[in-house]
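User: I am new to this structure. Please take a close look at one part of it, the empty space, and then set that in its surroundings.

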Amino acid sequence: MKARALLLVTVLGLCAPLHAQTPEDRARAAAAAARAKSAESDALLDNYVTPGLAGRSITTVDSSKAFTPDLACQKTATYLELLAQPNTTGDIGTLSISRDSDLDGSFDEALTVPVVTSGICANGIISCTPGTWDACRFFRWDTATSGALKLSEVDLTELAGCYCVNNSCGNNLVWGNIASVLKDLGGGVVGALATSDARIAVSQASIEGPVIRYTGAQTTSCTAQSDVGATAYKSNPGAISSDASAAAQASSVFQALAASSTGTGTSEVSRSCTITRQITQEEITIEKIIDRVAGGYATSVTGSQNVTFLMGSPSDNSLSGGSCSIFDFHMTLRVKDSDRLRQVLLTRFGADDWAQIRIDGELLGSGPQSWTGTGLPPGKCEKKGAFYLNPALDLTSRMTQGDHDIWLRVAVAEGGEAYAAIDASVDTGCKTSEQLVDTCSGYGANDACRLQDEVVDGVTTFRSGVNTGLSPLPQTRVFGTGACTAQVARDFFLRERTYRCTVDLGTSAEPDLSRGAYIIDHSTETLLADRVANTDGSYSLTTRSFSMPDRGSVSACEPICKTRKAEGNTAVAPDGVTGSKQTDPTGWDYYYRTCQDSNVCPAGDGEELVEGCGCLDDFPEAAVMMQTVRLGGADMVCTSSVR
């Protein structure tokens with residue numbers, strides 16, 4: 001009994017200060033405790049992530065209780081170790097990596113990079129002639145089929161976030177920035193390994209001189225194979241839908257929600273669509289304008305815009321006629337694009353002995369004398385020689401779209417020959433076609449659908465149903481390849497939209513939300529109004545006093561300060577180190593920091609104060625920076641001509 005009384009007194013003594021606190025005091029104390037453990041990324045790692053993955057003890061926010069979670073199947077103190085040491089040229093001459101691939105506590109894989117490291121990227125390295133930026137080769141962190149780490153040689157465009165570290169960009173860059181260099185190298189390696197085997201998670205990184213060590217754990221599955229159910233959707237995302245449907249059928253919670261009035265009544269679905277401007281450039285050849293599809297004996301092309309169609313039997317005495325014989329030659333010309341025909345001429349025809357030529361049955365000419373009928377010529381058949389005429393007769397108006405028959409009729413006595421030539425001049429310039437493919441028209445015309453989001457050529461014009469006020473600038477893009485290219489300027493090229501559409505499932509009435517609407521519309525900060533439906537269909541209206549607890553006063557903002565630090569530009573582009581193209585490669589990195597008590601700005605090493613603690617508003621500057629980045633990534637057309 002005495003012990004119970006002592007315990008009761010102790011408990012009351014502990015609880016007394018809590019009762020003395022106001023709700024605001026308790027809320028502030030809880031917020032301060034939470035911020036102390038999770039306000040910064042380092043604190044979050046130290047207090048929760050690292051001990052959770054490593055199987056160590058974790059305490060609650062108020063530190064009153066502790067527990068040991070078991071989040072990982074396997075753990076290792078050192079999953080990966082990376083050593084980087086620069087040489088006299090500033091390049092990293094020694095870069096070695098050791099890895100515990102099976103998390104058994106001992107290294108079983110080692111890689112020594114066989115080339116010097118002159119530049120570092122987020123996903124690889126760059127190796128050049130030591131101390132220079134010449135003869136550079138580009139490597140991406142990758143994994144072999146066995147899962148072992150390796151380097152694959154790639155183009156620079158396949159790397160990201162690259163910068164130079166050797167003496168061509170500055171002195172002592174690696175040693176002067178060893179922590180960030182190790183983090184960038186290790187981050188690329190860990191990213192490649194995680195892409196290959198998503199079971200492994202890195203919980204902590206620690207740096208000792210030129211070495212960075214990573215603590216790892218196996219979290220997503222407890223098998224030796226990397227292709228397991230927890231990561232299977234990465235290679236087969238289409239399986240998500242069927243698996244989700246199967247899980248829904250087996251879930252009592254899902255079935256209960258599906259059978260509710262909300263689940264069986266009106267629902268909203270999301271629909272995505274695009275409006276795409278499709279522009280194609282087609283190279284037009286002579287055959288796509290006019291072509292010989294039957295008859296004739298040759299087609300002669302001169303340049304890219306002139307063609308001659310030949311018909312007949314031009315060899316000497318290739319036709320044997322006896323006393324007088326009729327020979328008919330037909331050639332079919334197909335006009336595929338009459339608008340591109342500049343001129344079609346009957347340039348030359350003739351025979352030994354008589355000839356007449358027609359187009360689509362209409363007589364164009366004859367010789368050596370007039371011959372208009374379809375029978376024998378109106379004179380002696382034997383002319384003892386050949387005739388040839390050069391009429392240069394324009395046939396352009398007759399060459400409409402479709403097939404046209406050129407008919408050469410020849411009368412031959414004894415031996416003879418026949419010949420006709422038609423010349424065509426065409427426009428083979430490139431053909432531009434344009435169309436808008438609109439898959440959004442149905443949703444836009446549906447009153448049950450409303451526009452939720454829209455992105456026009458990379459600019460967000462609608463977000464969550466609200467017009468952002470932004471619109472893309474008109475753009476000029478180049479379409480086509482080779483000789484067929486064209487610059488096309490349009491207001492937009494691609495609209496990506498998302499609509500929210502109301503769907504009436506028709507199996508249940510919509511829930512009655514009128515009471516809630518009445519309360520919201522008729523209540524004030526001091527008066528709560530209500531409307532309750534009676535059994536006879538009438539409504540009872542009530543009102544009662546209402547007040548919110550004192551919310552206290554808060555600062556107008558969280559005081560922050562602005563600092564800057566000089567940094568050299570060592571970024572890398574396909575044309576080389578960008579700093580070498582600048583008059584002054586040194587720029588400024590700006591930082592915004594939360595002020596400490598008594599408005600003290602916690603500036604980092606090498607930082608100088610730009611603006612002291614206060615309610616800073618640099619939104620205009622941020623907007624200009626974002627717009628600069630956006631326009632810098634827009635399409636550009638390079639030309640060597642004078643503008």
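Analyst: What follows starts with the open space, moves to the enclosed space, and then turns to the packing and a few backbone details.

This is a predicted model.

Start with the largest pocket. Its volume is about 500 Å³. A total of 16 residues line the pocket. Nearest its centre lie Arg 35, Glu 558, Thr 594, Cys 595 and Asp 597. The lining is mixed: six of its residues are nonpolar, five are polar and five are charged. Where does the largest pocket lie? It lies between domain 1 (23–67) and domain 6 (559–614), because both domains give residues to its lining.

Now the enclosed space. How many cavities of 30 Å³ or more are there? The count comes to one. About 30 Å³ of space lies in this largest cavity. Its lining consists of Ile 97, Ser 98, Arg 99, Glu 109, Ala 110, Leu 111 and Leu 149. By type, these lining residues divide into four nonpolar, one polar and two charged. Two strands stand out here. Strand 4 (92–99) and strand 5 (109–112) each supply at least two residues of the cavity lining.

Next, the packing. The largest nonpolar core has 33 residues. Within that core, Ile 290, Met 399 and Leu 408 touch the most other members. Several strands feed this core. Strand 16 (306–313), strand 17 (319–335) and strand 18 (341–351) are among those that each supply at least two of its residues. Strand 19 (354–359), strand 23 (402–416) and strand 24 (418–426) do so as well. A second, separate core holds 30 residues. Leu 111, Phe 139, Leu 149 and Val 181 are included in that second core. Two of these names have come up before: Leu 111 and Leu 149 also line the largest cavity.

Return to Met 399 in the largest core. Which residues does Met 399 touch, leaving out those up to four places away in sequence? Its contacts include Ile 290, Leu 333, Val 335 and Ser 338. Leu 341, Val 344, Ile 359 and His 404 complete the list. Ile 290 therefore appears twice, as a contact of Met 399 and as a core member that touches the most others.Thr 498 offers another view of the packing. Thr 498 sits in strand 31 (residues 494–504). Is Thr 498 buried or exposed? Its relative accessibility is 18%, so Thr 498 counts as buried. Leaving out residues up to four places away in sequence, Thr 498 touches Ser 270, Arg 271 and Ser 272. Thr 498 also touches Arg 450, Leu 451, Gln 452 and Asp 453.

Last, the backbone. Gly 367 and Pro 368 are joined by a cis peptide bond, with omega at about 5°. Pro 368 is in the loop between strand 20 (362–367) and strand 21 (387–389). Lys 384 lies in the loop between strand 20 and strand 21 too. Lys 384 is not a glycine, yet has a positive phi of about 55°. At 71% relative accessibility, Lys 384 counts as exposed.

Ala 135 has a positive phi as well, of about 50°, although it is not a glycine. Ala 135 is found in the loop between strand 7 (124–127) and strand 8 (137–143). With 61% relative accessibility, Ala 135 counts as exposed.

Methods
Residues numbered from 1 in each chain as written. Predicted model: local features only at pLDDT ≥ 70, side-chain atom pairs only at ≥ 80, totals over all residues. Heavy atoms only, no water. 1 Å grid on protein atoms, 1.4 Å probe; cavity = no way out; pocket = protein on both sides within 12 Å on 5 of 7 lines; lining within 4 Å. Points joined across faces, edges and corners; volume = space filled by probe spheres on them. Nonpolar A, V, L, I, M, F, W, Y, C, P; charged D, E, K, R; others polar. Domains from an automatic or database assignment. Core = buried A, V, L, I, M, F, W, Y, C linked by side-chain atoms within 4.5 Å. Buried < 20%, exposed > 50% of the residue type's maximum accessible area, 1.4 Å probe, protein only. Helix = DSSP H or I, 4+ residues; strand = E, 2+ residues; numbered from the N terminus. Contact = heavy atoms within 4.5 Å.
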